[in-house]
Amino acid sequence: MRVTKALGQFGERLAADHLEAAGLLVLDRNWCCEIGEIDLVAADGAELVVVEVKTRRSLAYGSPAEAVTWRKLARLRRLAAAWLAAHDARPGSVRIDVVAVTVPAHGRPQVDHLVGVG
């Protein structure tokens with residue numbers, strides 16, 4: 001279990017670095033409330049971006065992004081509303097992105113940023 005958690009944390013660091021390199025400002029990491037957790041919250045100009053990060057070692061069970069189901073997207077929408085309420089924030093708009101990170105045994109990690117998935 002520790003290996004899985006460490007992999008997830010590594011993927012979240014890569015995702016945050018990727019978002020910042022793309023010009024987004026990371027506002028929050030691993031924000032929790034009673035209904036769940038948001039991996040990353042960022043600002044893309046006036047737009048608030050709720051980011052789900054999925055990290056895998058291989059594509060044997062499909063792309064990491066395929067693990068983000070409609071149920072997960074529905075929860076992320078509820079979590080976005082909770083984050084906005086907790087921070088009294090009023091962004092111009094809100095979107096949900098997925099950052100899929102694949103960390104192979106050999107070679108460089110691959111980071112895929114899917115914008116506006118839900």
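Helices here are DSSP runs of type H or I with at least four residues, and they are numbered from the N terminus. With that in hand, welcome to this predicted model, whose chain holds two helices and five strands. Right after helix 1 comes Gly23, which has a positive phi, near 100°.

**Overall layout**
- Reading from the N terminus, the elements follow the order α-β-β-β-α-β-β.
- The C-alpha atoms occupy a box of roughly 45 × 30 × 25 Å along the principal axes.
- The radius of gyration is 14 Å, which agrees with the value near 13 Å for a compact globule of 118 residues.
- Among contacts between residues at least 6 apart in sequence, 53% link residues at least 24 apart.

**Helix 1**
- Helix 1 covers residues 2–21, and its 20 residues should span 28 Å at 1.5 Å a residue; the end C-alpha atoms are indeed 28 Å apart.
- Buried residues in this helix are Leu7, Gly11, Glu12, Ala15, Ala16 and Leu19.
- An α-helix has 3.6 residues a turn, so residues three or four places apart point the same way.
- The cover over the buried residues of helix 1 includes strand 1 (25–33), strand 2 (36–44), strand 3 (47–56), strand 4 (93–102) and strand 5 (110–114).

**Surface and charge**
- Of the chain's 118 residues, 38% count as buried.
- About 7000 Å² of the chain is exposed, and carbon and sulfur atoms supply 53% of that area.
- The chain carries 15 positive and 14 negative side chains, with the centres of the two sets 7 Å apart.

Note on methods
Residues numbered from 1 in each chain as written. Predicted model: local features only at pLDDT ≥ 70, side-chain atom pairs only at ≥ 80, totals over all residues. Heavy atoms only, no water. Rg over C-alpha atoms; globule rule 2.2 N^0.38 Å. Buried < 20%, exposed > 50% of the residue type's maximum accessible area, 1.4 Å probe, protein only. Contact = heavy atoms within 4.5 Å. Areas by Shrake-Rupley, 256 points an atom, 1.4 Å probe, with all protein chains shown as cover. Lys, Arg positive; Asp, Glu negative; His and termini not counted. Charge placed at Lys NZ, Arg CZ, Asp CG, Glu CD. Expected span 1.5 Å × (residues − 1).
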